[in-house]
Amino acid sequence: MLDKKLSEIKGIGPSRAKALGAQGLFSLRDILYFYPKKYKDFSRVKQVSELTCSTEAAVRVRAVTAPKLSYIKRNMNTVRMKAEDATGAKLDVVWFNQSYIKNAIPQGGYFYLLGRVDAKNSNKMVNPSITNTLPGIVTTYQSIKGITNKLLVSLAEEALGCPLEKEEILPDEILKKYSLIKKADALRIMHFPKSSDELKQAKRRLAFEDTVLFRTMLFLAKSNMRGERENAFKTCGVKEEFKSKLKFSLTRAQEKVIDEINADLEKTTVMNRLVQGDVGSGKTAVAFYAMYAATQNGTQAVMMAPTEILARQHYERLKPFFDDGECVILTGSMKKKERDEAFLKIRTGVARAIVGTHALLFKNAEFKNLGLVVVDEQHRFGVRQRANLQNKGEAVHMLVMSATPIPRTLALIMYGDLDISVIDELPLGRKAVITRIVKEHRRDDMYEFIEKRAKEGEQSFVVCPLIESSEALENVISATELYEELYNKLDARVELLTGQTEPNRKEIITQAFSRGEIDVLVSTTVIEVGVDVPNATVMVIESADRFGLSQLHQLRGRVGRGSVQSYCFLLSESKSQASLDRLLMLASTADGFKIAEYDLENRGPGEFLGARQHGMDEFLSLSFATDINVLNEAARAAGEIASNPEKEEYKKLFVKAYEKLNEKSDIAMN
Ligand code: ADP
Ligand code: MG
């Protein structure tokens, strides 16, 4: 029943089905897991004196003045009214462009107003709705063009009417032991919560389940990772040789991590090591070292990068360490002939060091004697893809690079399967990026600054949270809009690069930017991944409060890679002290670990894990975790389950975890 196609449901014609499908919603089951985006708690009435700015609230009031309709501009009208609650406290109410409301306001008696308290005046509500009864918790789903919230609510109702027992994957004993509610109940509550407490229980339950599932998946992947090699690598003198070919001298932190890698390679047990280090800390050199050591021991070494651009950059830099033809690149965009040549070299072992994109996961990419796998920017790959690459040889060492520092507590949960090395130092001579919060009224000064930098031959990134303008986020400037503005205003070469840019054009623009032929690159977060353009000195981030701190830190790391002073401008009009504090925190430190700790403490592990930057996007419910305890408990439960894998009650969970591990990944060929 949950498999019922949405297109077979009454009231859903082809165009609605298409709109839903575009969001990945095809069946009732998809609807079941499409939770509301927002919950507004209107289950309790507040007094006017209790209201706080920018929150949602319900009040019980009566009108003191008759509603007054006025036209401000041709396309804009307001209805204004004064109301008071039972204590006599006064409330201003304003509706924009809802002239009909004038006749809908009850005169005389009390009624409820549900809605948002003004951002500056706590005795004012904006666009509230009027009701005679309290609706409890009101849910809003992510807006989908052509689909009303009401339709989504009724679809959720229908989905919840189906038998849900099969959705349960946690065994009863675990539910009991950890006081978790049943899956079916959790799902019902997510769509139709009766109270905030109930909602908390549901979210805890779902976060718990995702953690258990994730850990179980790691456990299964681990059996791939547990190989023993016949011979240990010899690393004596290899480091010195590598260093003599390197253009700079290693930092103390790089040396330390290389030593840790050496210790691993000299064992017969397969290495599974994560290297964490801030953006620009020089992880690539460490990865190159490992590749060099593996090839010196007669095996092939491969590095997988998430984008073509990055793969090319790595390839160009790795080539000088090898003789002609021994270093090979493999990407999805290569012509068939080139690609076949690469496959041949890899298969026959002519290629000793290989750099590539997801194309490395192709079946035809067969290795002669693979000894080491490096996965760069690990958050862009799933556990499964890592495992797939590692399985292209026998007992292959693996090194995973991550530029998103995470606190140790979380690292243990997310990477329990990996040993961790940390590069906690930036190369010498790097100047800290000067970070400033910029208010709207200083925007033109900032433009002038960018223009000046361009005249000096320096380049700027401008990052926006959205590609196109959106009704839902009306105060957020989109990349497209900003590009037009900058293109017209600045005396500089401005270009636009977003996820919607055609792959070919993307490549052209990125390369032009690398060569310094573009002064200002307006984009969305597509540039997040480690391209190295030392000449870029300015990073502008629009609506900065919409990004997680760690992500902002990542973006900031795109500049300050050369010896020239770099700048990061965070645009924010947010009135909330908390978000201002976050930005100030970012401005005050360059230490990614400190920033991550702060994010974890202030926003909870959920926001942290939910963020795309950790590559956990398949485990959406992790973002519901409000404290680390849930994760710890779930990790413990997963441990108990893993220690008894034969148990019948655990079978469903293992099957699900196995499915996740082997799901056909939609490999993006970029
Ligand atoms: P990330 O850790 O973000 O991957 P990279 O490995 O791309 O950083 O290094 C960033 C830049 O710093 C590169 O241009 C690299 O050549 C340079 N670099 C790395 N290590 C050192 C070092 N020890 N001394 C000087 N420059 C270095
Ligand atoms: Mg890197």
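## A walk through the pockets, a helix and two loops

If you search the whole structure for enclosed spaces, you find 3 cavities of 30 Å³ or more. Keep in mind as we go that this is a predicted model.

Let's begin with the second largest cavity, which has a volume of about 40 Å³. Its walls are made by Ala 403, Thr 404, Pro 405, Ser 550, His 553, Gln 554, Gly 592, Ile 595 and Ala 596. Two helices show up in that lining with at least two residues each: H17 (549-556) and H19 (592-610). What kinds of residues face this space? Sorted by class, there are 4 nonpolar and 5 polar residues, with no charged ones. The lining also takes at least three residues from each of domain 3 (230-423) and domain 4 (434-589).

Those two domains belong to a bigger picture. The domain assignment splits the protein into domain 1 (1-37 + 145-162), domain 2 (41-138), domain 3 (230-423) and domain 4 (434-589). For domains 3 and 4, the C-alpha centres are 31 Å apart. Where they make contact, 16 residues come from domain 3 and 14 residues from domain 4.

Now for the second largest pocket, which holds about 860 Å³ of space. It is lined by 34 residues, and the ones closest to its centre are Phe 248, Gly 282, Thr 284, Arg 317 and Asp 532. Helices H8, H9 and H10 (308-318) are the elements that give two or more residues to this lining. By class, the pocket's lining has 12 nonpolar, 10 polar and 12 charged residues. Here too, domain 3 and domain 4 each contribute at least three residues.

H8 is worth a stop of its own. Does the length of this helix agree or disagree with what you would expect? At 1.5 Å a residue, its 14 residues (252-265) should span 20 Å, and the C-alpha atoms at its ends are indeed 20 Å apart, so the two agree. Several H8 residues are buried: Ala 253, Gln 254, Val 257, Ile 258, Ile 261, Asn 262, Asp 264 and Leu 265. It helps to remember that an α-helix has 3.6 residues a turn, so residues three or four places apart point the same way. What covers the buried residues of H8? The cover includes helices H7 (238-245) and H9 (283-296), along with strands E10 (272-277), E15 (397-402) and E16 (419-423).

Follow the chain into the loop between H8 and E10 and you meet Glu 266. This residue counts as partly exposed because its relative accessible area is 44%, which falls between the 20% limit for buried and the 50% limit for exposed. Leaving out residues up to four places away in sequence, Glu 266 touches Ala 232, Phe 233, Thr 235 and Cys 236. Take Thr 235: Glu 266 is 31 residues from it along the chain, yet their C-alpha atoms are separated by 7.0 Å.

For a contrast, look at Gln 378, in the loop between strand E14 (370-375) and helix H12 (383-390). With a relative accessible area of 3%, Gln 378 is under the 20% cut-off, so this loop residue is buried. Which residues does Gln 378 touch? Again leaving out residues up to four places away in sequence, the contacts are Leu 274, Arg 386, Val 400, Met 401, Ser 402 and Tyr 415.

Key: Residues numbered from 1 in each chain as written. Chains lettered and ligands numbered in written order. Predicted model: local features only at pLDDT ≥ 70, side-chain atom pairs only at ≥ 80, totals over all residues. Heavy atoms only, no water. Helix = DSSP H or I, 4+ residues; strand = E, 2+ residues; numbered from the N terminus. Expected span 1.5 Å × (residues − 1). Buried < 20%, exposed > 50% of the residue type's maximum accessible area, 1.4 Å probe, protein only. Contact = heavy atoms within 4.5 Å. 1 Å grid on protein atoms, 1.4 Å probe; cavity = no way out; pocket = protein on both sides within 12 Å on 5 of 7 lines; lining within 4 Å. Points joined across faces, edges and corners; volume = space filled by probe spheres on them. Nonpolar A, V, L, I, M, F, W, Y, C, P; charged D, E, K, R; others polar. Domains from an automatic or database assignment.
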